[in-house]
Each structure stands twice: as C-alpha cells, then as structure tokens.
Amino acid sequence: MDKFRIQGGGPLEGQVRISGAKNAALPLLCASLLTEKSLVLENVPSLRDISTTAHLLAQMGVEVSGNAGLIELKASRVHDCVAPYDLVKTMRASILVLGPLVARFGEARVSLPGGCAIGSRPVDLHLKGLQLMGAKISIEHGDIHARAEKLKGARIFMDLVSVTGTENLMMAATLAQGVTVIENAAREPEVVDLAEALMKMGAHIEGAGTDVITIQGVDSLEGCRHAIMPDRIETGTFLVAVAATGGKVLLTHTKAGLLDAVIDKLKEAGAVLSLGSDTIEIVQDGRPKAVNIRTAPYPAFPTDMQAQFMAMNTVAQGSALITETIFENRFMHVQELRRLGARIDIEGNTAMVHGCAQLQGATLMATDLRASASLLMAALVASGESIIERIYHIDRGYEDIEHKFAGLGAKIERIPG
Ligand code: EPZ
C-alpha cells in the first residue's frame, strides 16, 4: 500500500487548480441510467471513487467512454440491474444507482452498503422514500431487492437531512407518474448541480437548494452535456492547509459562494481572503487563532471539513471546541493527531483542542478520506519527517493531491507500496 513521506515546516506559496466535485460527479454518473440517450460530463475529477462508479455502471451494460476530464455514458443497452457487494463494499455511494434503476427499469438489486469508518450510515431513508413511491422492497441475503411496475409521485418527509437520500429520490421521481414533494431535503450545492443536469435532460424540478423539492415526473429523459461544479471540500481543504502552515496561495477554477461557512471560520482564524468570480486568494501570517466548529447540514459548517479544521486548531493560538453532529464516529483522526503531539480531549461528539506552537513528525495511519487530509495538513506543519500509511483513502477523493501540494512548496512524496 502506498504511503506519503512528508517533511514538515515552511509556508505554502503559489497557485493551485481545484478539480470537479467528487460528490457532484458520483450522482451525475448514476443519472446516466435514467435515459437511453448520451450523457456527457465535463470537469470530471480523476479519483478512485469515479472509476469505481464507472466500472459499476459498465458492468450493468452502460457504455462508458473517456475518463478524467470528460466522460460519456450511454445506458441504451443495460442488461443487469445489479450492484454487487464486492463493488458496493468499496464505495457506499453505489447506493445512488438504486433510484434510477427502479425508476427506469422497474427493478434493482443493490448490495446493502455496510457501515464505514465514520459511522453506521444506514440507507433506511432511501428505502422509505422509494416505498412511498410504490416500490416493493425486501432485504435478501444482504441485498436490497426493489421492484415497481411504475413509481408514483408521493410526498416524502426526510426524517434526517440526507444528501444522497435526497439525490436518490429526486432522480427516481423524475420518471415517476405524477408529482413528488421531498420535504426536509438536503440543500447541498451538489444536489443543485444534479438538479440542473436533470433539468437539462428534460426533468421538471423546482426548489433544488431549498428544503422542499418538487418533481413532476415525465415519461422519458433526454441526454445532455454538463460541466461538474468545483469541489468545495477540496477548496476548503487547501484553504485550511494555508491557514495552518502560513503562506499565500491562489486557488483557481473554484467558487467562493459554495463555502460561506468555511470562509467565515477562516477569517475568524485570522486569514485574509480575496474572493474572485472563480478564484480565492488566502494569506496567513503567523499562527492561526483557534476557532469553534459545529457541523450541520448545508449551508451550515460541513462535516467534511471538520477533520481539517481540527488539524488547524492543533497548532492554533488558544483552545477551541469541535462538535460533530452528523456522524457518530468522525473523530478517527484524533488518535493519529495525538501521535504528532496534539492536545485533544474528547467528550462524546465534542473535542476540545488546545493549540500548541509545534508538532513533531511521526508515522500515521489514514482511516477515512477527510481524516487523511487532516493528517497530511498536520504533517506539513509538524517539525521533521512524517509517514502517512494507507493513503488509498485519500486517493478516493483528492485528485493528484501530492503534486498539488508539492506545487505549493510542500515537501511531500509518494512511496509506492
Ligand atoms: C454525503 O454522504 C457525502 N457523500 C458525505 O461525504 C458527506 O459527509 C455527507 O453527505 C454529509 O454531508 C456523498 O455525497 C457521496 P447523509 P451521505 O445521508 O449522503 C444519516 C466525503 O467525505 N442517514 O447526508 O451518505 C447518516 O447516518 C463523504 O466525501 C440515515 O440515518 O450522508 C448521517 O448520520 C463522507 N439514514 C446523516 O443521516 C439514511 O437513509 C447524514 O447522512 C441516510 C442517512
């Protein structure tokens, strides 16, 4: 398994291009199942999760061509409405094929995603919504077996705000008979990006980006060409890295309006930000100030940025509280940060981080995607050498991360394992 070797110290300086959003690309790839016409996606990031999804769709019979950058998909000869365990176990977001398969083909067999490092992550809300739309659902030998003559529009209240739950049901509703209203819907920008592509395909959707989304079903959808939105979590990750290490960096091909809550916290930490139409410049002189964080659904502070801010707080001036309200086990990075000398006390879903002037390099183990990013950031700040093991976690969601950081002056190299 590959590792990263990192020499800590030194500010980050220069310019970095932000890639397309992983969490917009994944549902958009699955949306190809909703039509027999060609769906062309631009600005697709080169990530493991993207290739896993492309492989899953190809196994079903979707014609998939191209790769990073531009992917064309055509689901005119789907022969297998199955998402097998060996693929789903590597990527929970495979559940996003369920809604489109039932809506277009009337049947789907999708392996029940297991939990993952950050939590049990059930999909009960996905299934409840499809049942309200008339699907018959049974769990057979670990698989979700869903069948429906024709889905019917329904009023669905989401007990919890669920990003992929909202996306799955919105996609299913585009081909249902009648009107579907999803209440307490997720408002994430990735939901909006998906809705915009679906509307280009002929879907009738209102309210995407608010907590009530109304979809009027149609008989069939066209293809379309769609450029994937910038990755707001990659954007936030690079911004926090500069806040932690100090320096001056210009981010390009991004969109500041996607991460207001993160930008507010960076300003509170003492960073100076200049926002352009598709750029963000950040300048950080000296150590950041510690900032309190409480994660919540968009537009509040994103859970996917929690680990990165914790890494920044470990070297900040002062102490701060970090409260994780979305996932029950998203503090896996704490033990690893402590190995660098970080002072963190955990009480339930809250961590008190006491900033210190200096961390020492150590060998670390990545446990999940965003935790890996926080370890990379902390290693950049620590004195001496750090090794990060199991970096396949980071390859799932960050395109070419070591070269992007090296381009900013970081001393980081991949050790093939
Ligand atoms: C999406 O996951 C993202 N993944 C996650 O990003 C992100 O952390 C999460 O939303 C929250 O923002 C993708 O978009 C591919 P949820 P998702 O359904 O949709 C509970 C990353 O790092 N819940 O919004 O799976 C769930 O357990 C990844 O890129 C149910 O109880 O998350 C959680 O506590 C990590 N039943 C809460 O809701 C359900 O049926 C929010 O989960 C669904 C969810």
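The exercises below work through a predicted model, from its ligand site to its cavities and backbone.

**Exercise 1. The ligand shell**

Find how many residues surround the ligand, and sort them by class and by element.

Solution.
- Step 1. Count the shell. The ligand is surrounded by 22 residues. Leu125, Ser162, Thr164, Asp304 and Ile326 are the closest.
- Step 2. Sort by class. The shell holds 10 nonpolar residues, 5 polar ones and 7 charged ones.
- Step 3. Assign helices. At least two shell residues come from each of α1 (22-30), α5 (124-132), α6 (163-173) and α12 (369-381).
- Step 4. Pick the leading contributor. That is α5, with 3 residues, the largest share of the shell.

**Exercise 2. Polar atoms facing the ligand**

Work out which side chains place polar atoms by ligand oxygens, and what part of the ligand the protein buries.

Solution.
- Step 1. Take threonine 164. An N or O atom of its side chain sits 2.6 Å from an oxygen atom of the ligand.
- Step 2. Take arginine 370. Here a polar side-chain atom is 2.9 Å from a ligand oxygen.
- Step 3. Take arginine 121. A polar atom of its side chain is 3.0 Å from an oxygen atom of the ligand.
- Step 4. Turn to area. The ligand on its own exposes 830 Å², and the protein buries 88% of that.

**Exercise 3. Helix α6**

Decide whether α6 is largely enclosed or open, then inspect its start.

Solution.
- Step 1. Set the cut-off. A residue is buried at under 20% relative accessible area.
- Step 2. Apply the cut-off to α6. Of its 11 residues, 9 are buried, so the helix is largely enclosed by the rest of the structure.
- Step 3. Name the buried residues. They are Gly165, Thr166, Glu167, Asn168, Leu169, Met170, Met171, Ala172 and Ala173.
- Step 4. Look at the start of the helix. A side-chain oxygen of serine 162 comes within 2.9 Å of the backbone nitrogen of glycine 165. Serine 162 is also among the closest residues to the ligand.

**Exercise 4. Enclosed space**

Count the cavities of 30 Å³ or more and describe the lining of each.

Solution.
- Step 1. Recall the principle. Empty space left between atoms shows up when a probe the size of a water molecule is rolled over them.
- Step 2. Count. There are 2 cavities of 30 Å³ or more.
- Step 3. Describe the largest cavity. Its space is about 50 Å³. The lining consists of Gln7, Gly9, Gly10, Leu12, Thr245, Leu380, Gly409, Ala410 and Lys411. By class that gives 3 nonpolar, 5 polar and 1 charged.
- Step 4. Describe the second largest cavity. Its space is about 30 Å³. Ala21, Lys22, Asn23, Glu190, Asp231, Arg232, Ile233 and Arg370 line it. Two or more of these lining residues come from each of α1 and α8 (232-245).
- Step 5. Class the second lining. It has 2 nonpolar, 1 polar and 5 charged residues.
- Step 6. Link back to the ligand. Arg370 lines the second largest cavity, and a polar atom of its side chain is 2.9 Å from a ligand oxygen.

**Exercise 5. Backbone in the loops**

Locate the cis peptide bond and two residues with positive phi that are not glycine.

Solution.
- Step 1. Find the cis bond. It joins tyrosine 298 and proline 299, with omega of about 10 degrees. Proline 299 belongs to the loop between β18 (293-294) and α10 (306-313).
- Step 2. Check alanine 300. This residue is in the loop between β18 and α10. Its relative accessibility is 31%, so it counts as partly exposed.
- Step 3. Take histidine 253. Its phi is positive, near 55 degrees. The residue falls in the loop between β15 (247-252) and α9 (260-268). A relative accessible area of 36% makes it partly exposed.
- Step 4. Take arginine 390. Phi is about 60 degrees, again positive. The loop here runs between β23 (385-389) and α13 (392-395). Arginine 390 is partly exposed at 35%.

**Exercise 6. Valine 272**

Is valine 272 buried or exposed, and how far is its C-alpha from that of isoleucine 282?

Solution.
- Step 1. Place it. Valine 272 is in strand β16 (residues 272-275).
- Step 2. Classify it. The cut-off for exposed is over 50%. Valine 272 has 51% relative accessibility, so it counts as exposed.
- Step 3. Give the distance. The C-alpha atoms of valine 272 and isoleucine 282 are 5.7 Å apart, with their positions 10 residues apart along the chain.

Note on methods. Residues numbered from 1 in each chain as written. Predicted model: local features only at pLDDT ≥ 70, side-chain atom pairs only at ≥ 80, totals over all residues. Heavy atoms only, no water. Near = heavy atom within 4 Å. Polar contact = N/O pair within 3.5 Å; in protein donor to acceptor, adjacent residues only side chain to side chain. Areas by Shrake-Rupley, 256 points an atom, 1.4 Å probe, with all protein chains shown as cover. Helix = DSSP H or I, 4+ residues; strand = E, 2+ residues; numbered from the N terminus. Nonpolar A, V, L, I, M, F, W, Y, C, P; charged D, E, K, R; others polar. 1 Å grid on protein atoms, 1.4 Å probe; cavity = no way out; pocket = protein on both sides within 12 Å on 5 of 7 lines; lining within 4 Å. Points joined across faces, edges and corners; volume = space filled by probe spheres on them. Buried < 20%, exposed > 50% of the residue type's maximum accessible area, 1.4 Å probe, protein only.
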